[in-house]
Amino acid sequence: MKHDDCLFCKIIAGEIPSAKVYEDENVYAFLDISQVTTGHTLVIPKIHTVDIYEMDENVASNIFTSVPKIARAMKTTFKPAGLNILNNNEVAAGQSVFHFHLHLIPRYNKDDGFNAKWITRNDEFSQEELQDMANNIAKEIE
Ligand code: 5GP
Ligand code: ZN
């Protein structure tokens with residue numbers, strides 16, 4: 001279902017131009033207007049889905065099925081040294097367009113424009129604490 005006030009629904013409908021990389025019945029992929037690195041591609045479901053929390057299983061299946069072939073094509077085209085796949089959910093995580101999208105970001109070197117930095121805290125949790133945490137998540141999985 002198209003949402004009239006959604007930028008990416010307008011792109012899918014062709015109302016806003018985009019550089020299309022791939023399209024099938026359920027999925028659309030196009031170059032990000034702001035190329036963090038050369039080839040930076042967005043993969044989106046055609047059905048309006050705000051974020052990972054509201055994603056239907058079939059939509060997830062369709063999206064993730066398309067990713068390896070798009071990634072392989074990008075690898076052949078740009079010959080990057082690596083590839084990061086990123087998805088931001090909710091404002092606090094950096095989401096700015098509220099139609100789910102995966103960022104496929106080819107990596108060339110450590111100064112190529114993309115920088116995901118996090119601090120590892122390997123020894124802050126005991127195995128028991130980790131298992132408690134895991135159990136808390138597990139019991140919520142439907
Ligand atoms: P987010 O911050 O939500 O994870 O990513 C949204 C992405 O959409 C940004 O990287 C931004 O550059 C891209 N974007 C925003 N508007 C447009 C547009 O009109 N066309 C294209 N191709 N990309 C867009
Ligand atoms: Zn949309």
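## Basis of the description

Helices and strands are DSSP runs, helices of at least four residues and strands of at least two, numbered from the N terminus. The model described here is predicted.

## Threonine 49 and its surroundings

Threonine 49 is located in the loop that runs between S3 and H2. Its relative accessible area is 4%, which lies under the 20% cut-off, so threonine 49 is buried. When residues up to four places away in sequence are set aside, threonine 49 touches Glu54, Met55, Val59, Phe98, His99 and Phe100. One of these residues, Val59, is among the buried residues of H2, and another, His99, is a donor of the zinc ion (ligand 2).

## The zinc site

Which protein atoms are the donors of the zinc ion (ligand 2)? They are the SG atoms of Cys6 and Cys9 and the ND1 atoms of His48 and His99, at 2.1 to 2.3 Å from the ion. Along the chain, the donors follow the spacing C-x2-C-x38-H-x50-H. Cysteine 9 belongs to helix H1 (residues 7-12), whereas histidine 48 is in the loop between S3 and H2; the pair therefore ties together parts that are 39 residues apart in sequence.

The angles subtended by the 4 donor atoms around the zinc ion (ligand 2) run from 106 to 116°, and the arrangement is therefore tetrahedral. For four donors, this class requires all angles to lie between 85 and 135 degrees. Cysteine 9 counts as buried because its relative accessibility is 4%. Histidine 48 is also buried, its relative accessible area being 14%.

## Helix H2

Helix H2 comprises 22 residues (residues 57-78), which at 1.5 Å a residue should span 32 Å; its end C-alpha atoms are 32 Å apart, so expectation and model agree. H2 nevertheless bends by about 25° at valine 67, and proline 68 follows within four residues. At the start of the helix, a side-chain oxygen of aspartate 56 comes to within 2.9 Å of the backbone nitrogen of asparagine 58.

The buried residues of H2 are Val59, Ile63, Ser66, Val67, Ile70, Ala71 and Met74. An α-helix has 3.6 residues a turn, so residues three or four places apart point the same way. The cover over the buried residues of H2 includes strands S1 (20-23), S2 (27-31), S3 (41-45), S4 (82-86) and S5 (102-107).

## Alanine 29 in strand S2

Alanine 29 is part of strand S2, and with a relative accessibility of 0% this residue counts as buried. Beyond its neighbours within four places in sequence, alanine 29 is in contact with Ala19, Lys20, Val21, Tyr22, Thr41, Leu42, Val43 and Ile70. Among these partners, Ile70 is a buried residue of H2. The C-alpha atoms of alanine 29 and leucine 42 are separated by 5.5 Å, although the two residues are 13 residues apart along the chain.

## Residues with positive phi

Most residues other than glycine have a negative phi. Lysine 79, which is not a glycine, has a positive phi of about 50°. This lysine follows H2 and lies in the loop between H2 and S4. Is lysine 79 buried or exposed? Its relative accessible area is 63%, and lysine 79 is therefore exposed.

Glutamate 90 likewise has a positive phi, near 75°, and is a residue other than glycine. Glutamate 90 is placed in the loop between S4 and S5. With a relative accessible area of 44%, glutamate 90 is partly exposed.

Technical notes: Residues are numbered from 1 along each chain as its sequence is written. Chains are lettered from A and ligands numbered from 1 in the order in which they are written. This is a predicted model: local features need pLDDT of at least 70, side-chain atom pairs count only at pLDDT 80 or more; totals for chains, interfaces and linings use all residues. Side-chain values use heavy atoms; hydrogens and water are left out. The expected span of a helix is 1.5 Å times one less than its number of residues. The bend at a residue is the angle between axes fitted to the seven residues ending there and the seven starting there. Buried means under 20% relative accessible area, exposed over 50%, partly exposed in between (1.4 Å probe, protein chains only). Contact means heavy atoms within 4.5 Å. A polar contact is a pair of N or O atoms within 3.5 Å; within protein, one must be able to donate a hydrogen and the other to accept it, and residues adjacent in sequence count only if both atoms are side-chain atoms. Donors are N, O and S atoms within 2.8 Å of the metal (3.2 Å for Na, K and Ca); water is not among the atoms, so sites may look incomplete. Four donors count as tetrahedral if all angles lie between 85 and 135 degrees; four count as square planar and six as octahedral if opposite donors are over 155 degrees apart and all others between 65 and 115; anything else is irregular.
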